[in-house]
Amino acid sequence: MRRLAMSTVLSVALLATSPFLAGQASADAPASAAPDPPVVVSEAFEPANSGASALTYNHRLVPVGARATVVSVASQRGTATLLAINGLVPDRHYGAHVHMNRCGPAPDDSGSHTQWHPDPVQPSVNPKYANPHNEIWLDFTTDRLGSAVAASEVTWPVNQKMARSVVIHEHGTSTAPGHAGEAGPRVACIDVDFARTGGQILGHPMQ
């Protein structure tokens, strides 16, 4: 097992003991005793054609060598997810969401947003379905050093849905009818197998 940075270890501990995960179950999700072991992925972004697990499609907005760490804890009661970013453009707002497919050399390879209740009309731009309660949104604003942390809590178990990546978008996510869920071009992607049980620690620790 690779040694994780202290910030990531603390994130895992906070999410794994989150009162949210032991709270009131939603009507859709049956109760469960304890959360699954956390999924933890930490990778540096590589060029889109590199075959790496973290890819950048826009080297200006997500430079090669910038890093993302994703920590997610799921139970039958819900899912808590954290995204930590280093090395991006300072003082800038980005959109980010969990997507259905793994990253690939083309930005669209990651597919659509993961939704608990799937929108029968795709691409989904209806705020009834494209919202931070039915999807996992991780929008963030970087600080003066290009770092940021974003968190999401939803009342459904992501490990029961098709969810294989986190995609970073050019700008913040819209909530307007006809544009809900849109956040501009996909500028980077990191593979995260949210369905994997028993815990997962991949990549290299944040420096």
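**Close-up views of a predicted model**

**View 1. Asn-134 and its surroundings.** The side chain of Asn-134 comes within reach of the backbone oxygen of Tyr-129, at 2.9 Å. Please keep in mind for this and every other view that the model is predicted. Asn-134 belongs to the loop between strand 6 (93-99) and strand 7. Is Asn-134 buried or exposed? Its relative accessibility is 5%, so Asn-134 counts as buried, the cut-off being under 20%. Leaving aside residues up to four places away in sequence, Asn-134 touches Thr-114, Gln-115, Trp-116, His-117, Tyr-129 and Trp-156. Tyr-129 thus appears twice in this view: as one of the residues touched by Asn-134, and as the owner of the backbone oxygen that the Asn-134 side chain reaches.

**View 2. The open sheet.** Let us step over to the strands. Six of them form an open sheet, and their order is 2-3-10-9-6-7. The pairing in this sheet is mixed. Which strands lie at the edges? They are strand 2 (46-47) and strand 7 (140-141), each of which pairs on one side only.

**View 3. Strand 10 and its two partners.** Strand 10 covers residues 186-191 and is mostly covered, with six of its six residues buried. In the sheet order, strand 10 sits between strand 3 and strand 9. With strand 3 (residues 54-56), strand 10 pairs in the antiparallel sense over three bridges. Here you can find Leu-55, whose bridge partner in strand 10 is Cys-189. How many bridges join strand 9 to strand 10? There are five, and strand 9 (residues 165-169) and strand 10 run antiparallel. On this side, look for Ser-165, which stands opposite Asp-191 of strand 10.

**View 4. Strand 2 against strand 3.** At this edge of the sheet, strand 2 pairs on one side only. Its pairing with strand 3 is in the parallel sense and has two bridges. A handy pair to look for is Pro-47 and Thr-56: Pro-47 stands opposite Thr-56, which is in strand 3.

**View 5. The largest pocket.** The largest pocket has a volume of about 300 Å³. Of the 16 residues that line this pocket, His-113, Pro-123, Ser-124, Gly-181 and Arg-186 are the closest to its centre. What kinds of residues make up the lining? The lining divides into nine polar, four nonpolar and three charged residues. Arg-186 also links this view with View 3: Arg-186 is one of the residues closest to the pocket centre, and strand 10 spans residues 186-191.

Definitions and conventions: Residues numbered from 1 in each chain as written. Predicted model: local features only at pLDDT ≥ 70, side-chain atom pairs only at ≥ 80, totals over all residues. Heavy atoms only, no water. Buried < 20%, exposed > 50% of the residue type's maximum accessible area, 1.4 Å probe, protein only. Helix = DSSP H or I, 4+ residues; strand = E, 2+ residues; numbered from the N terminus. Pairing = 2+ DSSP bridges. 1 Å grid on protein atoms, 1.4 Å probe; cavity = no way out; pocket = protein on both sides within 12 Å on 5 of 7 lines; lining within 4 Å. Points joined across faces, edges and corners; volume = space filled by probe spheres on them. Nonpolar A, V, L, I, M, F, W, Y, C, P; charged D, E, K, R; others polar. Polar contact = N/O pair within 3.5 Å; in protein donor to acceptor, adjacent residues only side chain to side chain. Contact = heavy atoms within 4.5 Å.
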